[in-house]
Amino acid sequence: MTDDLLTEILVRLPSESVCRFRLVCKHWRSLLSSDYLESRFIKHNDNRECPFTLVFQYSVYGPSGGPKFLYPIGAISNHPVLSKSVRNRAINLIQNIKRDFDNSFLKSEPISPVASCHDLLLCCHFGTYYVVNLLTRCWILVPPPPIRNQDRELTPLSIFLNSKAGIFCDQKDVNNGDGFKVILLPAVREDLMFDTPPNSIVIPPEIYASQFSVRIFSSKSRQWVDIDVDWYPLSLNAHLFFAPILFHEGMLHWLNGRSLASLDAHNMNLTHSIDLPNELSLQFPCGFGVCQGKFRVARLIYKEPDGRVLLVWDLEDYHKGGWHLAHRVFLHQPSLKKYNYVFRLMAFHPYNSDIIFVEISNGVFQFNMRTGILESYYHLKLEKGDHTLQPSYPLLLHRGFPTVLPP
Amino acid sequence: MASSSSSSLSRVVVKSSDNNLFVVNKKVASQSQLLKQCIDNMEEKGTNDVILIPLSNVTSNILTLVLEYCEKHADFADDDNNNQELKQWDHEFLKKFDYATLNSLTMAADYMVTKSLLNLCCQFIADSIKDLTVQQIRQIFDIKNDFTPQEEADIKNENAWAFR
């Protein structure tokens, strides 16, 4: 067989096989390490569904309602390497890379997942950020940003609780040598965190920050820089803890008050903001993600006499801002009877618009919104106690080769 | 492409490398860009004779298989490519063969420029080898390990995640 034909076959392999087969012989190694194969491989996988991993974390209250104990970060994945030998069980990912994280400080207080960009996971431990590739088990520490004058009034805890972090890269492809960037949105005053219900006290608009500075860390320069963002006519007012900063198509997006705000990751300009569906109030936990390339938001409402209803909207037209109600699902159905007709929203399936991931009594399920069936179950093996799911579920997409973290 | 109505061929004869002749109707032959090009060229010249296309790289065993594929796909030529029945047939078709046959079929598909068969074979081979060990790959492709133990250790180390 000619090299051309062999290459045609090899580009169709999953990335773990490509990397493994470099060990076959020198000739295969040179074929499988060539720039040509890599570019063909990326192109071949560009429009295909890629394996993904849903990352989450549980916490538990200790006896007598004592301090919260955080479980190690868990995940469910359909990536062949990550899900190997843990079929339908959650993976204890940090335990997997324990060797590297093994110091007493981290062991006593597990770190938490914050956000994701492609296959990179941003984790946080009291203001210290780590970027992890769960597949290659590589990680790097993001040095803490320098303390500014305006931060001195804030306690480290309030910065940790109220500021919001995201991870992104300048280009579509994080592997082009530019590496990744971490963004910190400033802490928002607690009294401004919730959008005001109608007819109650209205906060004067001048209190909202319409210009603010974001802090950006670049893995290439290993430096933090502060960039002022002109935010008029919007104001940074309610990037709530349960909706993550998403990096999608070169922009950073988050739920900001009554709108979906987009920040151009390249020049840090507010490029766009779209009103959210009226029924989506940020006072209640809501889902925010991307499904089939479109933004998707969801929330559970309670309505007599129907009981709980799940509402899911897709953003059909990003530029004009048309939300389309894709699903209205009554939870009062047979499959959910033994769970008292309730679940907790976690994440949207990135490719199948009928599927969402939900949490029910310490387990993760795939719920089919069209058929009302709980399709797969991932057992989480939690110890006895009062468990709560922490409000951040980054979704990793394993497209092409795993992202290499700079040394 | 352009041809006068008087010089339209309905059939061609294809000769395998071991000198067997196959009569193929035009619609079936058109699944192969190589055969189609030959037919188009002849039609442009206005030949009315039945043309003979020698394929010096394809044995009759393999040519039979390529033509079986082309015949099936010619039947579905007007349907969309996502036809489930056809996909099922493709899978059943390739399932029967060993690696040697699949390799020959891939090379024939490449030589005869039958793009859909080439894609199909490549994906089928990729799917069937993806979970194999390095040792199994060497066996199937008849490859000798030419690494030193140190080189092997280095490669394993560089690609550690893929060996888990």
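**Notebook: chains A and B**

I began with B:Ser60, which I found in helix H3 (residues 60-75) of chain B; the model is a predicted one. Its relative accessibility came out at 9%, so I entered B:Ser60 as buried, the cut-off being under 20%. Leaving aside residues up to four places away in sequence, I listed B:Ser16, B:Asp18, B:Asn20 and B:Phe22 as the residues that B:Ser60 touches.

Staying with helix H3 of chain B, I turned to B:Tyr69, which lies in that helix, while B:Trp89 lies in helix H4 (residues 84-95) of chain B, so their pair ties together parts that are 20 residues apart in sequence. For these two rings I noted centres 6.5 Å apart and planes at 45°, and I therefore recorded the pair as tilted. Both B:Tyr69 and B:Trp89 are buried, and I found them in one aromatic cluster together with B:Phe93 and B:Phe97. Over all chains, I counted 17 aromatic pairs.

Next I looked at where the two chains meet through helices: the axes of H1 (residues 3-10) of chain A and H6 (residues 115-129) of chain B come within 8 Å and cross at roughly 65°, and the crossing is right-handed. From H1(A) I listed A:Leu5, A:Glu8 and A:Ile9 in the contact, and from H6(B) I listed B:Leu118, B:Cys122, B:Ile125, B:Ala126 and B:Ile129. Sorting this contact by class gave me seven nonpolar residues, one charged residue and no polar ones.

Last, in chain A, I checked A:Arg296, whose charged end sits over the ring of A:Phe348 at 5.7 Å from the ring centre.

Notes. Residues numbered from 1 in each chain as written. Chains lettered and ligands numbered in written order. Predicted model: local features only at pLDDT ≥ 70, side-chain atom pairs only at ≥ 80, totals over all residues. Heavy atoms only, no water. Axes fitted to C-alpha atoms, helices over the stretch in contact; angles between N-to-C directions. Helix = DSSP H or I, 4+ residues; strand = E, 2+ residues; numbered from the N terminus. Left-handed = near helix turned anticlockwise from the far one by under 90°. Contact = heavy atoms within 4.5 Å. Nonpolar A, V, L, I, M, F, W, Y, C, P; charged D, E, K, R; others polar. Buried < 20%, exposed > 50% of the residue type's maximum accessible area, 1.4 Å probe, protein only. Phe/Tyr/Trp six-rings, centres within 6.5 Å; stacked < 30°, edge-to-face > 60°. Lys NZ or Arg CZ within 6 Å of the ring centre and 35° of its normal.
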